[in-house]
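Trainee: Could we go through this model together, with the confidence first and the contact between the chains after that?

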Amino acid sequence: MNLVALRMLMGDKAKYLGIIFGVAFASLLMTQQASIFVGLMTRTFGFVSDTGQPDIWVMDPKVQFIDDLKPLQDTMLYRVRGVEGVDWAVPLYKGLLRARLDNGNFQTCNVIGIDDGTLIGGPPEMIEGSLADLRRADSVIVDIVGASTRLAKQPPIDPATGKPIGPRVPLKVGDFLELNDNRAVVVGICRVSRTFQSQPVVYTTYTRATTFAPRERRLMTFVLVKSKPGTDTRELCVRIRQTTGLAAYTSGEFSWMTVLYFMRFTGIPINFGISVILGFLVGTAIAGQTFYNFTLDNLKQFGALKAMGAGNLRLLGMIMLQALVVGLIGYGVGVGAAASFKYLSGQSELAFRMIWQIPAITACAVTVIVVLASLLSIIKVIRLEPAIVFKG
Amino acid sequence: MTSIMNEHPQAARIHETAGRGLAIHCSGVTKGFTAGGNTIRALRGIDLDVRLGELAMLVGPSGCGKTTLISVVAGILDRDEGECRVFGQDFATMSARQKTRFRGQTVGFVFQQFNLLPALTAAQNVAVPLLINGVAHAAAIKAAKEMLDRVGLGERTESLPKQLSGGQQQRVAIARAMVHRPRLIVCDEPTSALDHETGHTVMRLLKNVALDEDRALVIVTHDARIFGFADRIFKMDDGRIVDVVRNPSASIGASGGDAHA
């Protein structure tokens, strides 16, 4: 009878495709919007992810997320180093500085100053040059996206038309930058994770970064800490807090704290949540109505089967099989389309991260959709009097 | 005509048990429906016996209760009062599941609008009752093709219903009604959607192929052209059997083809 159920389902191609479309639409919208949401949230702590060596981030207790900059006194570094269980601790500068472009415009850059001696906290991937080149005078490393776009140089101007000839020229190794009235020379190009803020990222040494930065008493943004082997990082965080009065979080805790901040204080979750809910509702409505119409159209056939001896359980099984098939196909099409969306968007700046939980949750939502969609049909068929077959 | 009518229409119950067993025995069957607060009495004390090997027709005006009676006899409607046994089994004593199983094994249906599943081929349609009864798919299809061959559609086993004429579709429906060898075949207006010639072909098929000594046929019809195929005609009106015509083919011969002329 399973074959009969499937033949019935696929026999009416318009409705069959309509139900699949409803489920696929819901799956696509839920998966795609949730993946973009997760992608955006991942970007919020992209800098933490890129800085892989330390276990613990130490900061001012009032800091709420990664871009909430509340500098510390440099002496705090030594206090942290003195806490039992700390293997090493290095300073990190993070601040927004203005770069002057060759056309006279200014561009705000995210300047990262890493420990002069160890260069811990550097970019995760070098495309050109080497991290050690930061030891050269006035040297900086610029991220590839920033170098190609916002920090790119103006093309030559056609004297006849006064218009630029060709596209902008990406910043390359050997080029100069003016950071807050300080000369800087590009010694490397790196790749970093996209962050929630879209400024170009400029790496340099901690000492040089503090000279680029405006004069302030406190300039050290974070202390990066590595725990000694065998030390519990959470316990070490507690000890650092108790000893220094500073806040100390593991990388995971700091990332999650950043995500929670953006979720709590921005409308992002609500906006994406609405899209996901709409996808669910519209998908349920389309799939439910089409599936119910399909059942109504086949009511006489179900009546005939009932008259011929097919019991309610068997008919229920047939409907559930039909719902399962359209659910599986629609889910596959929807999630596949979402994955294709990511593939087609390729190298764009689209924030898209499909973690395994998203397809899993979408699968649960699709299950709910097909159950709701088939529920009306099941009730209709169970209540169906087989005598309907004798009505002309 | 009068000579072949029952002299007591109010007691139209026929006990023709001599020689053959009873396929259907109904006594005092009533059935009512409630609609808009009013109760409509569709059956008002039906007495009906149909013997094994008999082709019985139920005729009468629209709304007289034919379809209700056939539904009660086939076990798809529950009677309100009275007794109704099919091959000695009383539906009233069966659970819903037992009734469904009994129907699946014992009753074959031929519907006015054929009610073939449009997405299934002729063979797959015919196989449905076997599949319902748990026969394996391959065996069911094999039996269905053999049955289609018996009704003259051996060449059309892979055709979809929409690719068949009305007469061919009804032959598929007859094959479907017979494939699981039910002892009772119930037909609802099997020829009303067919032309004269095709209607006669279908009736010949029902009479010659579907009917045997261990099986009974009950046909609800308005179609006077096929009355001559019946062994007995039960004429109904207002929820009662008001007349019984025996051996109508003889009377058709005498009256020029219309048993109720």
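What follows is a set of questions and answers on confidence, the interface, one helix and one residue.

Mentor: Before we start, this is a predicted model, in which local features need pLDDT of at least 70 and side-chain atom pairs count only at pLDDT 80 or more, while totals for chains, interfaces and linings use all residues. Residues are numbered from 1 along each chain as its sequence is written, chains are lettered from A in the order in which they are written, and side-chain values use heavy atoms, with hydrogens and water left out.

Trainee: Which helix of chain B has the lowest mean pLDDT among its elements?

Mentor: The pLDDT is the predictor's confidence in each residue, from 0 to 100, and its mean over chain B is 81. Residues 1-18 of chain B stay under 50, and residues 252-261 of chain B are below 50 as well. Where pLDDT is low, the predicted coordinates should not be read in detail. Among the elements of chain B, which are DSSP runs (helices H or I of at least four residues, strands E of at least two, numbered from the N terminus), the highest mean, 93, belongs to helix H3 (residues 122-132), and the lowest, 52, to helix H7 (residues 248-255).

Trainee: How many residues does H3(B) give to the side of chain B that touches chain A?

Mentor: With contact taken as heavy atoms within 4.5 Å, 28 residues of chain B touch 24 residues of chain A. The elements of chain B that give two or more residues to this side are helix H1 (66-73), helix H2 (96-106), H3 and strand S7 (184-188). The largest share comes from H3(B), with 5 residues.

Trainee: Why is H1(B) described as largely enclosed by the rest of the structure?

Mentor: Buried means under 20% relative accessible area, exposed over 50% and partly exposed in between (1.4 Å probe, protein chains only). Among the buried residues of H1(B) are Lys66(B), Leu69(B) and Val73(B). H1(B) is largely enclosed because, of its 8 residues, the number buried is 7.

Trainee: Is Thr205(A) buried or exposed?

Mentor: Thr205(A) lies in strand S8 (residues 201-205) of chain A. Apart from neighbours within four places in sequence, Thr205(A) is in contact with Gly113(A), Ile114(A), Asp116(A), Leu119(A) and Leu134(A). Since its relative accessibility is 5%, Thr205(A) counts as buried.
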